[in-house]
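Open the file in your viewer and set the display to cartoon. The tour begins with one sheet and then steps back to the chain.

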Amino acid sequence: MQSPDGDVIDCVLSHQQTAFDHPHLRGNKPLNPPESPNGHKSNPNELENFQLWSLSGETCPEGTIPIRRTREIDILRASSLQTFGRKIKTPIRRDTISNAHEVSPEIYGDYFPRFFTYWTSDAYQTTGCYNLLCSGFVQTNNRIAIGAAISPTSSYDGGQYDITILIWKDPKHGNWWLEFGSGVVVGYWPSFLFSHLRSSASMIQFGGEIVNTNPSGFHTSTQMGNGHFPAQGFGKASYFRNLQLVDSDNSLIPLTNPKLVADHPNCYDIQGGINSVWGHYFYYGGPGKNQHCS
C-alpha cells in the first residue's frame, strides 16, 4: 500500500516478521494479549485513525501485520550499516524500552512525526533497534504500522491532538506489552531480551530528547516538542498528561512526586503540575540554539 507521504506498507504474515528470527522464538507464533492493568479503561473497537497510511481505512488482513518497507535509500542515509536503525551508545548500562513519536530525517528521510518503538539490553552498545528492524519487538496488530507517520498533528495556537500510550508487564509471562490509542494492543517485547527488566522496571521516564552533535561548535537548532518553551502553555507548547504507572499488582496508580529535569533549560525547559482533569502533567520543549543557548 502506498502512503500519502511516500511510504510503502507491506502486509506480512505475523509469524514471518523479523522477531521470529530469534532462536527463542523461531517456529512460534505471536502471543495473545494479556489482561489490561486494573483500572485501565479501553475500547479497542474505537481506534482513532492517527496514521497517514490508513486514513482511507486501509488495514492488513487478519493474521498479518503492516510493516513500513525499508528501502535502499533509507540504509544509505545511515553513517554505516552497523548503525542503521540504532541509537547512539551511552555510558549508562541498562535495559531500556521506549515508545512514543519522533522526528528523524536520518532514519525516515523526512520531518513527519512517526510512531516508534525501541529497545536495548545494554544501553545501546550492541543490542536493540528501532521498530521491527531487528529481532526483538513482536507485533500482533494488523492496523498499526510502527514507524509510520502520525496524522493529524497539533498546530501552534490551533487544534491539539494527543495519543494514549500504555506499556505494562504481563504478570504471568513477564513480557512487556504496548498499547496505542483507545486500547489497541500493538505487540510486546519478550522478557528474554532483558536482564533487569525481566523482573521489573527501576525507572520510568517521560519527556523529550534530541541529538546534539554541536555542529560547527554550537548547540543544534533542533527543536524539542514543537519548538516552543513550556511557559507558553496549552495550545502553544507540547505536553504530557495523565501520567500514571503500573504497580506490582498490575494496577494503574498515580505518580508520586515526579522529578522534573531539564539538562539545558535555556535550550529546552519543562514545567509541571497536577489537576483533577489532567492528573500529573507537564509542558516541555524549546527551540534549541537561541540567544541564551549557544
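In what order do the three strands of the open sheet lie, and is the pairing parallel or antiparallel? The order is 3-4-5, and the pairing is antiparallel. Keep in mind throughout that this is a predicted model.

Select residues 96-102 to pick out strand 3, then residues 129-130 for strand 5. These are the edge strands of the sheet, each pairing on one side only.

Now add residues 114-120, which make up strand 4. Strand 4 runs antiparallel to strand 5, and two bridges join the pair. To see one residue pair in this part of the sheet, show W119 and C129 as sticks: C129, in strand 5, is the bridge partner of W119.

Next, show the whole chain and colour by secondary structure. The chain has two helices and 14 strands. Its radius of gyration is 19 Å, close to the 19 Å that the globule rule gives for 294 residues, so the chain is as compact as a globular protein of that length. Along the principal axes, the C-alpha atoms fill a box of roughly 55 × 45 × 40 Å.

Turn on contacts if your viewer offers them. Among contacts with a separation of 6 or more, 66% link residues 24 or more positions apart.

Switch to a surface view. The accessible surface comes to about 16000 Å², and carbon and sulfur atoms account for 50% of that area. Of the 294 residues, 43% count as buried.

Last, colour by charge. The chain carries 21 positive and 25 negative charges, and the mean positions of the two sets are 5 Å apart.

Key. Residues are numbered from 1 along each chain as its sequence is written. This is a predicted model: local features need pLDDT of at least 70, side-chain atom pairs count only at pLDDT 80 or more; totals for chains, interfaces and linings use all residues. Side-chain values use heavy atoms; hydrogens and water are left out. Two strands pair if DSSP finds at least two bridges between them. Helices (H or I, at least four residues) and strands (E, at least two) are DSSP runs, numbered from the N terminus. The radius of gyration is taken over C-alpha atoms; the globule rule is 2.2 Å times the number of residues to the power 0.38. Buried means under 20% relative accessible area, exposed over 50%, partly exposed in between (1.4 Å probe, protein chains only). Contact means heavy atoms within 4.5 Å. Accessible areas come from the Shrake-Rupley method with a 1.4 Å probe; for residues, only the protein chains shown count as cover. Lys and Arg count as positive and Asp and Glu as negative; His and the chain ends are not counted. The place of a charge is taken as NZ of Lys, CZ of Arg, CG of Asp or CD of Glu.
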